[in-house]
Amino acid sequence: MRRKSDFGYVAGSFLATLLLLPFGVAAAPGFQVCDSHGLVRGAEIAMERGCFGCHTLSGKRVGPPYKEIAAKYEREPTAVAALAKKIKNGGSGVWGATAMPPNAISDEEAEILARWIQSL
């Protein structure tokens, strides 16, 4: 039989863990919080917007593969913003002669898509 004090202890421990979590994250360099919903949403946006018509995960099509894009920008501190801007406005000259056209996508969706690419 469950006692009220057992529930209070479990709930209190859980809340204490949540309160201490930010300190653990700050103390652990290189620790990343998984944003699985954002990553799934990034893949959904790529499918919804037809991005896979020109890009694949690892093989060359019209545009560069997503994994190569992620590798190229992995050490750039402003990579997500730069990729989001290229996704929205288009670009050329970085991956060859073929230009990527601008895309009718919101700033938020472009950033989610850029974060997804960086996660690969």
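Colleague: Are Tyr66 and Trp116 buried or exposed?

Modeller: This is a predicted model, in which local features need pLDDT of at least 70, side-chain atom pairs count only at pLDDT 80 or more, and totals for chains, interfaces and linings use all residues. Residues are numbered from 1 along each chain as its sequence is written, and side-chain values use heavy atoms, with hydrogens and water left out. Buried means under 20% relative accessible area, exposed over 50%, and partly exposed in between (1.4 Å probe, protein chains only). By these cut-offs, Tyr66 and Trp116 are both buried.

Colleague: How many aromatic pairs are there?

Modeller: Rings of Phe, Tyr and Trp (its six-membered ring) pair if their centres lie within 6.5 Å; planes under 30 degrees apart are stacked, over 60 edge-to-face, and the rest tilted. The count comes to 3 aromatic pairs.

Colleague: What kind of pair do Phe52 and Trp116 form?

Modeller: Phe52 is partly exposed at 27% relative accessibility, whereas Trp116 is buried at 8%. Their ring centres are 6.2 Å apart and their planes stand at 70°, so the pair is edge-to-face.

Colleague: Which residues do ring pairs link into a cluster?

Modeller: Tyr66 and Trp116 also form an aromatic pair, 5.1 Å centre to centre with 70° between the planes. Ring pairs thus join into a cluster Phe52, Tyr66 and Trp116.

Colleague: How many disulfides are there?

Modeller: A disulfide is a pair of cysteine sulfur atoms within 2.5 Å. The sulfur of Cys51 is 8.5 Å from the closest cysteine sulfur, in Cys54, which is too far for a bond. The count comes to 0 disulfides.
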